[in-house]
Amino acid sequence: MVNVETALKEATTLIEGAIGAALVDYGSGMALGTIGGGKDLDLAVAAAGNTDVVRAKVRTMELLGLKDEIEDILITLGSQYHLIRLMKGRTSVGFFLYLALDKKRANLAMARHQLKKIEAELEI
Amino acid sequence: MTTPATAPNAFAAVSPLLTRLAAERATGALLRDRGTLFLEDGRIVHAESPATPGLDVLLTTGGGLAPERWREAVDRAGARRQVARFLVDSGGLAGGELEICHLAAIFDAAFFALSPGSGPSRFRRGATHWIGSVRSVAAAAVERETRRRRELLDAVWPYPLLDTAPVVPRAAAPGQTVTARQRILLEQADGIRTPADLAWVLGRPAFHTLLDVRRLAAAGLVETPHSPAPPPVEVPLPDWMTQAQSPDVALLRRLRDALEASL
């Protein structure tokens, strides 16, 4: 059985260049679990802030009339990638995985693929 | 796993009794007016509150778990206090999903159980909950999150009356859109249901519904109830402003005389 702690651990150990990861409750902005981060990246603050990012994108899609779902959101900084992956399970709708990556060490395509796998493991 | 960072004002205890029980590593049930927290070795393992839907509603109405599955788990594993494990072992639910929902339910119920003015607290030592062990959370993390949630509600739209009043939808302004999640909530808002009622109908945590309603009110999509205006307080004006008094002739004369003498 994969629990939140092992899933996040997997995200930061298996994914090359991972700096930190969090599982976030979109409805309240709370991180249900965090790993890594450190003093340069407060994951609790990132969790709350990124719910606003997701909400803004959802609203924009409504405005555009796009009848589609967000799979993930990528934010590229000068030195980091921030990846937001919305969970799709029956009971886990309303939660997202948040992953911060070191741009120099990360392989973006691989990271997206692995994060997708970790999400699936939490739901089976 | 690390717990969320300490907020600057994290030192004011939400419940001094909870802080003490956590330090003692106590096991039992902390009963308050608006909910109960279950502790094991000083960590919170479960919470419930009449103000919010329980894990059963979140999993069935909100999460699509068949109600029979839940009832079967309670019937067959309730007495052993292993309902959670039964649900996962019987294939009704993924372990990760149960854990996520259970954590959300703990923080949701704790928000109400730890609400201010929630009356006297009692502790029933040794009491456990039949859901069984899923995950535990540090009491300090729950207190910190409860405080963050209170601040978040007021940061969004500081009208606490919205939390308990019936939700009355308003027509959207031209060009204004609502998200699917908001639309589902607004469709159930019949002008009678309160945010708590809506949480039960939708199978969503009650805090999330409070937050959604405050956001909708801030956007003008839900009426903001106003408390009756306080009666205007009459501040009596001092006599010298309201009453015309005859000038003090003697004083004026003395002033004139003094001025003339100094010329």
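**Exercise 1. Two helices of chain B**

In which handedness of crossing does H5(B) pass H6(B)? Describe how the two helices pack in this predicted model.

Solution.

Step 1. Identify the helices. H5 of chain B covers residues 95-113 and H6 of chain B covers residues 139-156.

Step 2. Give the geometry. The axes of these two helices are 9 Å apart, and the packing angle is about 70°. Angles from 65 to 115 degrees count as roughly perpendicular, and H5(B) and H6(B) are therefore roughly perpendicular to each other.

Step 3. Give the handedness. The crossing in which H5(B) passes H6(B) is right-handed.

Step 4. List the residues in contact. H5(B) contributes Phe107(B), Ala110(B) and Phe111(B). From H6(B) come Val142(B), Glu145(B), Thr146(B) and Arg149(B).

Step 5. Sort them by class. This contact of H5(B) with H6(B) has four nonpolar residues, one polar residue and two charged residues.

**Exercise 2. A second helix pair**

At roughly what angle do the axes of H8(B) and H9(B) cross? Work out the orientation and the make-up of the contact.

Solution.

Step 1. Locate the pair. Helix H8 of chain B spans residues 195-202, and helix H9 of chain B spans 206-218.

Step 2. Read the angle and the distance. The axes cross at roughly 120° and come within 8 Å.

Step 3. Name the orientation. The range for roughly perpendicular ends at 115 degrees, and roughly antiparallel needs an angle over 145. H8(B) is therefore oblique to H9(B).

Step 4. Add the handedness. H8(B) passes H9(B) in a right-handed crossing.

Step 5. List the contact. On H8(B), the residues are Pro195(B), Ala196(B), Leu198(B) and Ala199(B). On H9(B), they are Ala206(B), Thr209(B), Leu210(B) and Val213(B).

Step 6. Sort by class. Seven of the residues in the contact of H8(B) with H9(B) are nonpolar, one is polar and none is charged.

**Exercise 3. Where the chains meet**

Which element of chain B gives the most residues to the side that touches chain A?

Solution.

Step 1. Count the residues. On chain B, 29 residues are in contact with 31 residues of chain A.

Step 2. Find the elements. H5, H6 and H9 of chain B are the elements that give two or more residues to this side.

Step 3. Pick the main contributor. H5(B) gives the most, with nine residues.

Step 4. Sort by class. The side of chain B that touches chain A has 16 nonpolar, eight polar and five charged residues.

**Exercise 4. The overall form of each chain**

Is chain A as compact as a globular protein of its length, or more spread out? Answer this for chain A, then treat chain B.

Solution.

Step 1. Take the elements of chain A. This chain has three helices and five strands, in the order α-β-β-α-β-β-β-α along the sequence.

Step 2. Apply the globule rule to chain A. The rule gives 14 Å for 124 residues and the radius of gyration is 14 Å, so chain A is as compact as a globular protein of that length. The C-alpha trace of chain A spans about 40 × 35 × 25 Å along its principal axes.

Step 3. Take the elements of chain B. Here there are eleven helices and five strands.

Step 4. Apply the rule to chain B. The radius of gyration is 28 Å, well over the 18 Å given by the rule for 263 residues, so chain B is more spread out than a compact globule. Its C-alpha trace spans about 110 × 55 × 30 Å along the principal axes.

Step 5. Add the burial. Buried residues make up 43% of chain A and 35% of chain B.

Key:
Residues numbered from 1 in each chain as written. Chains lettered and ligands numbered in written order. Predicted model: local features only at pLDDT ≥ 70, side-chain atom pairs only at ≥ 80, totals over all residues. Helix = DSSP H or I, 4+ residues; strand = E, 2+ residues; numbered from the N terminus. Rg over C-alpha atoms; globule rule 2.2 N^0.38 Å. Buried ≥ 20, exposed ≤ 12 C-beta atoms within 10 Å, placed from the backbone. Axes fitted to C-alpha atoms, helices over the stretch in contact; angles between N-to-C directions. Parallel < 35°, antiparallel > 145°, perpendicular 65-115°, else oblique. Left-handed = near helix turned anticlockwise from the far one by under 90°. Contact = placed C-beta atoms within 7 Å. Nonpolar A, V, L, I, M, F, W, Y, C, P; charged D, E, K, R; others polar.
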